[in-house]
Amino acid sequence: MLNFSQDALKTLPFSVMNFAGQYSSDYGSQFAVMVLTSIPAIIIYAIFNEKITKGVTTGAVKG
């Protein structure tokens, strides 16, 4: 049976919570994790920028 509270099964955005304590937070580490988790989305957007823009504008034009 799987234990879903294991760190290995958590998604990357939830790993930011490992750097937050009850009374203090390690803001430098939290920011680093947030930057690292956003890099794949930025790369995908940079590669498919034209297709994303074309798809958004095609759906927005009426008639």
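**Close-up views of a two-helix chain**

**View 1. A nonpolar surface patch of about 1,200 Å².** In this predicted model, Phe31, Met34, Val35, Leu36, Ile39, Ile43, Ile44, Tyr45, Ile47, Phe48, Ile52 and Val56 make up a nonpolar patch on the surface. Helix H1 (27-47) and helix H2 each contribute at least two of the patch residues. H1 gives the largest share, nine residues.

**View 2. Helix H2, residues 49-60.** The helix has 12 residues, and at 1.5 Å a residue these should span 16 Å. The C-alpha atoms at its ends lie 17 Å apart, which agrees with that expectation. The number of buried residues among the 12 of H2 is zero, so the helix lies largely in the open. Buried here means under 20% relative accessible area.

**View 3. Val56 in helix H2.** Val56 belongs to H2 and is one of the residues of the nonpolar patch. Its relative accessible area is 56%; because the cut-off for exposed is over 50%, Val56 counts as exposed.

**View 4. The whole chain, for context.** The secondary structure consists of two helices and zero strands. The chain has 63 residues, of which 6% count as buried. About 5,800 Å² of the chain is exposed, and carbon and sulfur atoms supply 67% of that area.

Methods: Residues are numbered from 1 along each chain as its sequence is written. This is a predicted model: local features need pLDDT of at least 70, side-chain atom pairs count only at pLDDT 80 or more; totals for chains, interfaces and linings use all residues. Side-chain values use heavy atoms; hydrogens and water are left out. Helices (H or I, at least four residues) and strands (E, at least two) are DSSP runs, numbered from the N terminus. The expected span of a helix is 1.5 Å times one less than its number of residues. Buried means under 20% relative accessible area, exposed over 50%, partly exposed in between (1.4 Å probe, protein chains only). Patches are made of residues with over 30% relative accessible area and no salt bridge: like charges are joined within 9 Å, nonpolar side chains (Val, Leu, Ile, Met, Phe, Trp, Tyr) within 5 Å. Accessible areas come from the Shrake-Rupley method with a 1.4 Å probe; for residues, only the protein chains shown count as cover. A salt bridge is a side-chain nitrogen of Lys or Arg within 4 Å of a carboxyl oxygen of Asp or Glu.
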